[in-house]
Amino acid sequence: MLKLPKFSFAFSIVLICSLPFVPLGSAEDVNKVDVNLFYQNHAKIAGDTPAEPSQNKFREEVLTPNIERSVAIPVYDESGNLVNEFQLNKNVDVETKASVLETGKLVNVLVAVDEEYRSAHSDWQTRVSGIVESADDAFNQEFSIDLNITAYRYWFSDGNSATALLSNLAGDATDTYDLVIGFTGESDFNGADGGFLGGIAYQYDSNPFYAGYSVVSDQSLSGTAHAVQHEVSHNYGLGHDTTGTTPVCIMNYGTMYSTTVWHSTHHDQLGTHKLWYGTTVS
């Protein structure tokens, strides 16, 4: 049995078994009590990320992210049946791209998209690819972290709040992806105060032995990309800044929709935690 260190401010999180993910490899046979104990001792819900200003949601945008790898992304339905394949083509040469680090991390991402989001966007595969790859640009430039979409999955989302949807996405946490990012079109993706949210995530105090989980709502293209960068940063253990005009940081509610940078303390923290997920590549 894995011995888990104590967590100083544990939250009791009930995980609902709902979404059976298609694994990249064989999952370990871990007692479900240990899985739940891990979440109780190591993860907290990172708080409610406000949505971007509502007038921005419907603006016309074209994202132009750097795409480091060409990959055929399988699309699975809720039961794990292969229903389609989406081709993503690289537009930068990763071998010659300048980096601040000599080695990086290839982080395999499962993108789960619920029925409301798919219904709202007939081009959801293209849309979500551009969003994740845009969020990936800052991670790649600063830390050589490449968020690599490995599979898409239909998600039958269930819950009447953002917290419930996050728990619903995580299920029993037995998948073997590095990160699982949920995209929801649910109209009741609300926080404790009843306000509509931009995203929510689990924040860990140490490397989780299953994936990092987050959910983002349906906003503008660039707004959702900022939300993905913010929530994935929580998965790497980063907390919030005090809301205001400073510091300028993706973890500050006051600046997150207008910047893609991390301030120096968060930058250093993420540089240390970059080893949590993925496979090392040179």
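1. A residue counts as buried when its relative accessible area is under 20%, and by that cut-off 53% of the 282 residues of the protein are buried. The model under discussion is a predicted one, and its accessible surface comes to about 12400 Å², with 51% of that area belonging to carbon and sulfur atoms.

2. As to the overall layout, the protein has 6 helices and 10 strands. Among the contacts between residues at least 6 apart in sequence, 76% join residues that are at least 24 apart.

3. Helix α5 covers residues 221-235, and its 15 residues span 21 Å from the first C-alpha to the last, which is close to the 21 Å expected at 1.5 Å a residue. This helix is mostly covered, since 15 of its 15 residues are buried. Just after α5 comes G237, for which phi is positive at about 95°.

4. Two backbone details deserve a look by anyone preparing the model for further work. The peptide bond leading from T246 to P247 is cis, with omega near -5°, and P247 belongs to the loop between α5 and α6, the latter formed by residues 264-273. S144 is a residue other than glycine that nevertheless has a positive phi, near 55°; S144 is placed in the loop between α3 (124-143) and β6 (145-155). With a relative accessibility of 11%, S144 falls under the 20% limit and therefore counts as buried.

5. In soluble globular proteins, nonpolar side chains tend to be buried together. Here the largest nonpolar core holds 64 residues, of which V111, Y152, F183, Y213 and W262 touch the most other members. Helix α3 gives the most to this core, contributing 8 residues.

6. Which residues does Y152 touch, leaving aside those up to four places away in sequence? Its partners are I73, P74, V75, Y76, F86, L110, V111, W124, Q125, V128 and S129. One of these, V111, is named together with Y152 among the core residues that touch the most other members.

7. Ring pairs between aromatic side chains come to 11 when counted with centres within 6.5 Å. W124 and Y154 make one such pair, with 6.2 Å from centre to centre and 70° between the planes, an edge-to-face arrangement. The pair links distant parts of the chain, as W124 sits in helix α3 and Y154 in strand β6, 30 residues apart. Are the two partners buried or partly exposed? W124 has a relative accessible area of 7% and so is buried, whereas Y154, at 22%, counts as partly exposed.

8. The rings of F189 and F196 also form a pair, and because their planes stand at 70°, with the centres 6.5 Å apart, this pair is edge-to-face. F189 is buried at a relative accessible area of 0%, while F196, at 33% relative accessibility, is partly exposed.

9. Beyond these pairs, a cluster is formed by F139, F143, Y236, W262, W276 and Y277, which are linked through ring pairs. W262 also appears among the residues of the largest nonpolar core that touch the most other members.

10. Finally, the ring of Y154 has a charged neighbour as well as its aromatic partner: R118 lies over the face of Y154, at 4.0 Å from the ring centre, and W124 meets Y154 in the edge-to-face pair.

Terms used:
Residues numbered from 1 in each chain as written. Predicted model: local features only at pLDDT ≥ 70, side-chain atom pairs only at ≥ 80, totals over all residues. Heavy atoms only, no water. Helix = DSSP H or I, 4+ residues; strand = E, 2+ residues; numbered from the N terminus. Buried < 20%, exposed > 50% of the residue type's maximum accessible area, 1.4 Å probe, protein only. Contact = heavy atoms within 4.5 Å. Areas by Shrake-Rupley, 256 points an atom, 1.4 Å probe, with all protein chains shown as cover. Expected span 1.5 Å × (residues − 1). Core = buried A, V, L, I, M, F, W, Y, C linked by side-chain atoms within 4.5 Å. Phe/Tyr/Trp six-rings, centres within 6.5 Å; stacked < 30°, edge-to-face > 60°. Lys NZ or Arg CZ within 6 Å of the ring centre and 35° of its normal.
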